[in-house]
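Biologist: Before we begin, may I ask you to explain the terms as we meet them?
Modeller: Certainly; please keep the structure in view while we talk.

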Amino acid sequence: MLLRLWPRLQSPLSLFVATLAIQAAAAPATASKVLNPDNFQETISEGVWFIEYFSPYCAHCRHFAPTWNDVVEHFEKQADPGVHLAQVNCALNGDLCSEKGVTGYPQMNLYRNGDFADTFTATRTFDILVEYLVKHAEPSGSPAQEAIVEEQPLVEPMPEPPSTPAPEPVHTPSPPIVLNPAGEVNSLTEQTFERFLSEGPAFIKFFAPWCGHCKKLAPTWSQLARHMQHKMNIAEVNCDENRDLCTSQGVAGYPTLLYYAHGAKTEYTGSRKYDQLVAFTEQASNPTMQAIDASELEQIVRDKPVVYLLLHAPADNGAVNDVAKESQLLFGSPPVYLSSSHDLIKKYGIRADSPYAILAFKDNDVREPTSIFYSSSQQDALRDWLFANRLPTSLELSRDVFQQVMEAPNKPLVVVISTPKGTQVSVAQKLNEIGKKWRLKANQNQGKSGRRDVVFTWMDADQWGKWMKGMYGIKPSGEPEVVIADHGRLLYYDADGSSQRIKLNFASISSALESIFKGTAKAKHSENVVERAMKYLNSGILGLERSITSHPYVTGLVIAAVFIGSFAGLRRLLRDDFEDAAPDKRYEKGNRLD
């Protein structure tokens, strides 16, 4: 563990030796040289170079890795192979890969004296790769050949008949993987869905032909596919024809837009206008992380409201890959930077017993991180931490960030302040101070059960007044009003622990939050009675539909049994009524009021 060794590496010589030792231990013997934008052009400037462009999340790259290592080992054993092999990690160096024309993974390019020469497009097997590289190799010299003198035979042997050379095997070239090669929307079925996802990140629309919103989105979706040609796969699924598939993906309404990458999926809940969809897909297709020097951190934190910094051992690619995979779902907000700087590790007092640590910086303050995540064996721990810390201490709850805040995967409680005209600046400053105090208190109570993340927001009362009145019962006034929203359950709280209206100060908001965590706070519904009744009715209909779809025969038997039972009961009731009455008085009113 590099972090455990840092305190002991006092001299430059010992640091150099230890770094080499760690790199030697971490890198496999057959691993090729890994290039980056800083050393790429200089490295390949002389001789023949064969470069593999790969992504650690690409299934084809992982399957090809053993073959690549065998090819590297084959040429490294030769004294003068005439060709050098290296790799570029496109998850970390996306700009370099785009500059070199990389359109899919793995892609292998051949360079001669720094200039592009060819792209390998044949089948990626050991024999074919070796044959290809030997053909293009340029050895600096050939070893001296020793003359061999053979004894002349006394009798000249009979010449052997010419042999017919065996036909060379014909290899069908396998084209490199290209994302969205035609710039079109792919129509997926249950049979093609999983294979399509294995080809790379995908943005998929789940729709129904009769849905009006789906029809409106269709031309925009096609336009998006054309824009993302060679960048991201765009597809759609007809849920009328693929009900089981849509149910398995959790589709509850139409259209549902889901983004898939690296074995995970996330729902897109932003605007469905073309510009917003393009902005989302462009951001999602960019590299997730960027390496920086220690001297760059301060300026980066000053320029951005939230920054993540991964501190890791120089040779620990596993840590980098793990964080890159999980941070992909952040779509670049906040950005993730990485460094193996000993100065930064020492400055922020990173524990020596952890392979890596991620620091969150907020509010343009580089002096101290607001939270630190140390490597964990729990699969979801890192993802939860990334989502819980991705927002600044306080922010305006505008249309652009509404879904990001209210529909966050970690389901936070959201403190909402209604700010009248002219009070936005003062409310934002005061709310930021309250948020910082709460963060310190939350860190002290970390690990207690029942506690959820809290987000502090303010809204423009002039712009959102009507919505806040309908949602939270906030009436227009000259003073800021405070509620705490549990948007996932469509509940809100407007009283603190003393049953008084929540005020814009730390004591009142803290008291309200604590009462919510203890379960003593009285919640109010954001929906009225009619809306809740319709919601329950709709939920019941959807549940019945799912039951019928999943168990059609059982459902049919139950419905038939209920119908037969009801008919038999009604028939018996009518028969009993007629039998109890005398034949000649069967139709008399008797003692009835009518």
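Biologist: Why are α16 and α18 called oblique to each other?
Modeller: Helix α16 (residues 424–444) and helix α18 (residues 506–518) pack at an angle of about 45°, with axes 10 Å apart. Angles under 35 degrees count as roughly parallel, over 145 as roughly antiparallel, 65 to 115 as roughly perpendicular, and the rest as oblique. The two helices are therefore oblique. Axes are lines fitted to C-alpha atoms, for helices over the stretch in contact, and angles run from 0 to 180 degrees between N-to-C directions. Helices (H or I, at least four residues) and strands (E, at least two) are DSSP runs, numbered from the N terminus.

Biologist: On what kind of model, and with which numbering, do these statements rest?
Modeller: This is a predicted model, in which local features need pLDDT of at least 70 and side-chain atom pairs count only at pLDDT 80 or more, whereas totals for chains, interfaces and linings use all residues. Residues are numbered from 1 along each chain as its sequence is written, and side-chain values use heavy atoms, with hydrogens and water left out.

Biologist: What is the hand of the crossing of α16 and α18?
Modeller: The crossing is right-handed: the near helix is turned clockwise from the far one by less than a right angle, whereas anticlockwise would make a crossing left-handed.

Biologist: Which residues of α16 and α18 meet?
Modeller: From α16 come Ile 434, Lys 437, Trp 438 and Lys 441, and from α18 come Phe 506, Ile 509, Ser 510, Leu 513, Glu 514 and Phe 517; contact means heavy atoms within 4.5 Å. By class, this contact has six nonpolar, one polar and three charged residues. Ala, Val, Leu, Ile, Met, Phe, Trp, Tyr, Cys and Pro count as nonpolar, Asp, Glu, Lys and Arg as charged, and the others, Gly among them, as polar.

Biologist: What makes β16 and β21 edge strands?
Modeller: Six strands form an open sheet of mixed pairing, in the order β16-β18-β17-β19-β20-β21. Strands β16 (394–396) and β21 (524–525) each pair on one side only. Two strands pair if DSSP finds at least two bridges between them. Strands β17 (residues 413–419) and β19 (residues 481–486) run antiparallel and are joined by five bridges, so they satisfy that definition. Within β19, Ile 484 is the bridge partner of Val 415.

Biologist: Which strands of the sheet does α16 touch?
Modeller: Helix α16 touches β16, β17 and β18 (454–460), and its direction makes about 175° with that of β18. Helix α17 (residues 461–472) lies across β17, β18, β19 and β20 (491–493), at about 120° to β18.

Biologist: In what order do the strands β11 to β15 lie in their open sheet?
Modeller: The order is β11-β13-β12-β14-β15, with mixed pairing. The edge strands are β11 (289–291) and β15 (371–374), and the twist averages 25° from one strand to the next. Strands β12 (residues 306–312) and β13 (residues 336–339) pair in the parallel sense over four bridges, and Leu 309 stands opposite Tyr 337 in β13.

Biologist: How do the axes of α8 and α10 lie?
Modeller: The axes of helix α8 (residues 212–227) and helix α10 (residues 274–285) come within 10 Å and cross at roughly 40°. This crossing is right-handed. The residues of the contact divide into six nonpolar, four polar and one charged.

Biologist: What is notable about the backbone at Pro 255 and His 230?
Modeller: A cis peptide bond, with omega about -10°, joins Tyr 254 and Pro 255; Pro 255 is in the loop between α9 (243–248) and β9 (256–261). His 230 is not a glycine, yet has a positive phi of about 70°. His 230 is found in the loop between α8 and β8 (233–238).
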